[in-house]
Amino acid sequence: MNSRTVTLLDVARAAGVSKSTVSDALQGSGRVAEATRDRVRAVAEELGYRPNSAARRLRRASTGAVGLHLPATATRLDYYMNLAFGAVERAQEDGLDMMLLGPSGAAGGRIASRVDGLLVIDPESGDSAVPGLLDAGVPVVTGERYLGPAGGPSGAVVCDNAASLTALLDHVTERGARRPAVLAPSGSSAWATALRATAGSWGRARGVPVTLRTVPFAATPAEAEAAARELLAADPAVDAVICAPDGSAPGVLRAAAALGRPVGGSGGDGGSGGSDGGSGRGGSGEGAVHTADESRGSRSGHGGEGAGPGGGGATADGSSGAPLLVASCVDGTATRGAEPPVTAVDLRPAAYGRACAALLCDILAGRTAPDTVRGHAWSLEIRASTGPSAAPAGP
């Protein structure tokens, strides 16, 4: 069979079924028993069968391509590049090319004539391109839910972002933090919205004051550094900073160094932080769980209480020598390569891209009904910026 192109008829003869059954089994259509479908696919793989993509597209009147729409800031973020490569790889397994759409999107009718379906990742309700993409007349799968007013997608792949931030907040408090802060992303994506809401609800549920500051969705390390320095100067009792945007954690580390705050270690009686250094998606304050007066009251006269992992007092500019725990909502090269390495949520972006493309392929092939929502797992990677390492945690 290797000396010439393997055909559907070759597979049918080897599997002992009709040619139409082979076609249905390989495309996931028709009324084919699961055992027969598995046998046909195994025989096809053994023989080295490769579908004739051009002929299949003619029969289906399809373009053989799907579109990928990413946030405008995606090109400089490690997370989205890994996600895109995962999506491309998975689409190619179904014989589909991937077309990267410009940030402004395209008119619905025009884009529908060029692709069989669309992937829209982290759709913002304020993104003017998204409604047109959702109404393009082809199946659309979103990475995270769309919270805007336009019609919903054909399917979605979602992470439990509230659970991931809860795990980070639980972790830093277990490591001794008593005054955590979150540098949360601005914007109207489901991810950003969930993180801002969770920072408040977690603090209220546990009676722990959480300072919430917003930073740009794709904050640079410099922007994160400025926000962290302002935060720590305004409230020196903050003993843990969780930053959301991809790649921004090194900025928080620089702010800590500038203020004389060692990251991750223990330095007194005020908490149970780690002993060997620290661990591991510029705005104004938004929705802080406690007020400035409450912060000053909790700091006065009690160096241990509220001082977190290192205890001790702090000066007005935020420099105290007290250790600071640092963590990130998005793992990547910036968190893994930082000094110290930063505790972070690994959202597994390449696998996430594959999951989004797989759902779209399944909907296009009729293997999955529209309106399907699938979950995507994350893990918590604990590193030196929050203390001694431990086994990864996750849902």
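This report covers the packing, cores and unusual backbone positions of the structure above.

The model is predicted: local features need pLDDT of at least 70, side-chain atom pairs count only at pLDDT 80 or more, and totals for chains, interfaces and linings use all residues. Residues are numbered from 1 along each chain as its sequence is written, and side-chain values use heavy atoms, with hydrogens and water left out.

## Helix packing

Two packed helices are described by the angle between their axes and the distance between the axes. Here, axes are lines fitted to C-alpha atoms, for helices over the stretch in contact, and angles run from 0 to 180 degrees between N-to-C directions. Helices (H or I, at least four residues) and strands (E, at least two) are DSSP runs, numbered from the N terminus.

| Helix pair | Angle | Axis distance |
|---|---|---|
| Helix 8 (residues 161–174) and helix 9 | about 45° | 9 Å |
| Helix 5 (residues 78–93) and helix 14 | roughly 40° | within 6 Å |
| Helix 10 and helix 11 | about 40° | 7 Å |

Helix 8 is oblique to helix 9. Helix 10 and helix 11 are also oblique to each other. Angles under 35 degrees count as roughly parallel, over 145 as roughly antiparallel, 65 to 115 as roughly perpendicular and the rest as oblique.

Handedness comes next. Helix 8 passes helix 9 in a right-handed crossing. The crossing of helix 5 and helix 14 is right-handed. Helix 10 passes helix 11 in a right-handed crossing too. A crossing is right-handed if the near helix is turned clockwise from the far one by less than a right angle, and left-handed if anticlockwise.

Which residues make the contact between helix 8 and helix 9? Helix 8 supplies Asn161, Ala162, Leu165, Thr166, Leu169, Asp170 and Thr173. Helix 9 answers with Trp191, Ala194, Leu195, Thr198, Ala199, Trp202 and Arg206. Contact means heavy atoms within 4.5 Å.

Between helix 5 and helix 14, the helix 5 residues include Tyr79, Leu83, Gly86 and Arg90. They meet helix 14 residues, among them Tyr352, Gly353, Ala357 and Cys361. Between helix 10 and helix 11, Pro221, Ala222, Ala224, Glu225, Ala228 and Arg229 meet Gly251, Val252, Arg254, Ala255 and Ala258.

## Helix 11 and its surroundings

In helix 11 (residues 249–258), Ala249, Gly251, Val252, Leu253, Ala255 and Ala256 are buried. Buried means under 20% relative accessible area, exposed over 50%, and partly exposed in between (1.4 Å probe, protein chains only). The buried residues of helix 11 pack against strand 6 (180–185), helix 10, strand 8 (240–243), strand 9 (325–328) and helix 13 (333–336).

Thr335 lies in helix 13. At 2% relative accessibility, Thr335 counts as buried. Leaving out residues up to four places away in sequence, Thr335 touches Ala249, Ser328, Val330, Pro341, Val342, Ala344 and Arg383.

## Cores and aromatic pairs

A nonpolar core is a set of buried Ala, Val, Leu, Ile, Met, Phe, Trp, Tyr and Cys residues joined through side-chain atoms within 4.5 Å. The largest has 54 residues, and Leu119, Ile242 and Cys329 touch the most other members. Helix 14 (residues 349–365) gives the most to this core, with seven residues. A second, separate core of 23 residues includes Ala219, Cys243, Ala256 and Val326.

The structure holds two aromatic pairs. Tyr79 and Tyr80 are edge-to-face, 5.0 Å centre to centre with 80° between the planes. Both Tyr79 and Tyr80 are buried. Trp191 and Phe217 are also edge-to-face, at 5.4 Å and 80°. This pair links distant parts of the chain: Trp191 is in helix 9 (residues 190–206) and Phe217 is in the loop between strand 7 (211–215) and helix 10 (221–234), 26 residues apart. Both Trp191 and Phe217 are buried. Rings of Phe, Tyr and Trp (its six-membered ring) pair if their centres lie within 6.5 Å; planes under 30 degrees apart count as stacked, over 60 as edge-to-face and the rest as tilted.

## Backbone positions to check

Most residues other than glycine have a negative phi, and most peptide bonds are trans.

Glu144 has a positive phi of about 80° although it is not a glycine. Glu144 sits in the loop between strand 4 (140–143) and strand 5 (155–158). Is Glu144 buried or exposed? Glu144 counts as buried, at 3% relative accessibility.

Arg348, not a glycine either, has a positive phi of about 50°. Arg348 is found in the loop between strand 10 and helix 14. Arg348 is partly exposed, with a relative accessible area of 35%.

Gly260, just after helix 11, takes a positive phi of about 70°. A cis peptide bond joins Glu339 and Pro340, with omega about 0°. Pro340 is in the loop between helix 13 and strand 10 (343–346).
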